[in-house]
Amino acid sequence: MPEPVPHMSPEEFRRVGRELIDWAASYMASVGRRPVTPSVSPGETAAKLPLSPPAAPEGDWDAIVRDLDAIVLPGLTHWQHPRFFGYFPCNASGPAILAELVSAGLGAQGMLWSTGPAVTEIETRMLDWLAEAFGLPPCFRSDADNDGRLGGGVIQGTASEGALAAMVAGRARCRRAMGVEHDDGPDPVFTCYTSEQSHSSIVKAAMVAGIARSASDRARVRLVPTDDGLRLDASALASMLAEDVARGRVPVFVAATLGTTGTGAFDPVPAIAEAVRTHAHPAAGPAWLHADAAWGGAALVCPEHRGMLDGIEHADSLCVNPHKWLLTNFDCDLFWTRDRRSLTEAMSITPEYLRNAASESGQVIDYRDWHVPLGRRFRALKLWFVLRHYGLSGLRAYIANHVELARGLEARLRADARFELPLARSLSLVTFRCRAGDDATRALVERINAGGEAFLTHTVAPVAGAGGVRTPSYLARVAIGATTTEAADVDHLWALIDDAAG
Ligand SMILES: Cc1ncc(COP(=O)(O)O)c(C=O)c1O
């Protein structure tokens, strides 16, 4: 007889669960008193763990909880720290954490409508809610027909996965238009375009999709130069597209970024869309236009930031990460398309074991056909809880507060002769450098981070110097966007910057 399985009893689950919720609540309340980054060396955390797994049940939950303090916390970079200003912060919030708990408790799989009708339908409704909340044009809604191409939104894990989904959808559409989707001969040479400032996930998507032969394949992934504001230069894009089409290449994908990672630049979507339309391959049709608003898109909740949507009705897809700046725990990338048909054509394969009457009726959405994974968690619960808890007014206040704090920091930096801001603040992202040069800026960032009281990161960007000549420059980045960041935290950061600059 096999041994009995030592499942957790409901009573024990309740007792330990309460303790862990208390633990997480205390952590969240006190994280601001910790150093933002850990002082651990490589291997130090692993050395605290046994080399082999427990052979028998430990049966001591108190010891497991104690190890969170002893082993985990000393080895963490505290992303929920109110003075975490690095990269783009990754928001957690009470409602989203509780939704994660419920989602795990339900353990539901929403790969098909039939394996989780509520998982699917709540997700569809959340994406429609957010399309409305962000002021997106109706073509991205789940009920949009778009001449039979169909619109709608889905939660992808990350913006990187969203870019990959968009790229393979674009390629599928071009193959269909060219009538080569069933050919056994070689593919044409497909090409993709994005700016020199766009996120590396675009090039990576091309690598994974088999369009780029390597990370540095600049023949198939063309990096378009930028203007002085580090926005994609649409006329340079037009020239590249024209040149490639003339050489028999097939442009399948163009990514515009709405809020670049380095400096928060917003690419000009109307001019990009115009270039894509004008320089469509004669047989394949226009390339797929994807708008990557992973970070900046959260600000769409505020009507005053909707200028970035100009021309978005010409984009085939758009993604926004609430896990960056909309109080929703990682992972949650909102991905809308106005050409669902091409997306599902690229992603759908139906083995016998997934066949079911609901899918065959054509009346339901099966989200497994919208991305790479088959299995999928109930992530829409996070959005549902967050939207119901904060309401749109709460989310607007949240974004507006961070933008205001960034404006204040920008003003302080501009008023101080030791610093210069070659680029304008973008929403809640401020980039600056020391007039004393790159080494001084690098030293400032390193000094602040070494102190542990705040954390920032940097970028190197080609910004105009004296005489308008653009040279790569080391810029400190302050991304305001952690859940609990308040004015006092930005004041604290300013004191650190002031001190570190000497
Ligand atoms: C503009 C932009 N796009 C894409 C990404 C990648 O996001 P994810 O981690 O969701 O793949 C980032 C991450 O910072 C980003 O800033």
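Colleague: What makes you say that helix α13 lies across strands?

Modeller: In this predicted model, helix α13 (residues 438–451) lies across β9, β10 and β11. Contact is the test here: two residues count if their C-beta atoms, placed from the backbone, lie within 7 Å. Helix α13 runs at about 20° to β11. Axes are lines fitted to C-alpha atoms, for helices over the stretch in contact, and angles run from 0 to 180 degrees between N-to-C directions.

Colleague: What decides the numbering, and which parts of the model are trusted?

Modeller: Residues are numbered from 1 along each chain as its sequence is written. The model is predicted, so local features need pLDDT of at least 70 and side-chain atom pairs count only at pLDDT 80 or more, while totals for chains, interfaces and linings use all residues. Helices (H or I, at least four residues) and strands (E, at least two) are DSSP runs, numbered from the N terminus.

Colleague: How do you know that β10 and β11 pair, and in which sense?

Modeller: Two strands pair if DSSP finds at least two bridges between them. Strand β10 (residues 457–464) and β11 have eight bridges in the antiparallel sense, so they pass that test. A464 stands opposite R470 in β11. The hairpin of β10 and β11 has five residues between the strands, and G467 there takes a positive phi near 80°.

Colleague: What shows that β9 pairs with β11?

Modeller: Strand β9 (residues 429–434) and strand β11 (residues 470–479) share four bridges, again antiparallel. Among the opposite residues, L429 faces A479 in β11, and F432 faces A476 in β11.

Colleague: What makes β8 and β10 edge strands?

Modeller: Four strands form an open sheet in the order β8-β9-β11-β10, with antiparallel pairing. Strands β8 (419–420) and β10 each pair on one side only, and they are the edges.

Colleague: Why do β1 and β3 leave a side without a neighbour in the other sheet?

Modeller: That open sheet has seven strands in the order β1-β7-β6-β5-β4-β2-β3, with mixed pairing. Strands β1 (152–156) and β3 (221–224) stand at its edges with a single partner strand each, so one side of each has no neighbour in the sheet. On average, neighbouring strands of this sheet are turned by 20° against each other, direction ignored. Inside it, strand β4 (residues 250–257) and strand β5 (residues 288–292) pair in the parallel sense over five bridges. V254 stands opposite L289 in β5.

Colleague: Why is α1 called roughly parallel to α2?

Modeller: The axes of helix α1 (residues 10–30) and helix α2 (residues 61–72) come within 11 Å and cross at roughly 15°. That angle makes α1 roughly parallel to α2. The cut-offs are under 35 degrees for roughly parallel, over 145 for roughly antiparallel, 65 to 115 for roughly perpendicular, and oblique for the rest.

Colleague: What residues meet there, and of what class?

Modeller: V16, E19, L20 and W23 in α1 meet W61, V65 and L68 in α2. By class, this contact has six nonpolar, no polar and one charged residues. Ala, Val, Leu, Ile, Met, Phe, Trp, Tyr, Cys and Pro count as nonpolar, Asp, Glu, Lys and Arg as charged, and the others, Gly among them, as polar. The charged residue is therefore E19.

Colleague: Why are α5 and α6 called oblique?

Modeller: Helix α5 (residues 159–178) and helix α6 (residues 200–209) have axes that come within 9 Å and cross at roughly 50°. That value falls in none of the named ranges, so the pair is oblique. Their contact includes A163 and M167 in α5 and I202 and A205 in α6. It has 10 nonpolar, two polar and two charged residues.

Colleague: What makes α7 and α8 roughly parallel?

Modeller: Helix α7 (residues 234–246) and helix α8 (residues 269–278) pack at an angle of about 15°, with their axes 9 Å apart. The angle makes α7 roughly parallel to α8. A234, L237, A238 and L241 in α7 meet A271, I272, A275 and T278 in α8. These divide into seven nonpolar, one polar and no charged.

Colleague: How do you know that a residue belongs around the ligand, and which come nearest?

Modeller: The C-beta atom, placed from the backbone, must lie within 6 Å of the ligand. Of the 15 residues around it, T158, S160, H199, T261 and A294 come nearest. The shell divides into four nonpolar, nine polar and two charged.
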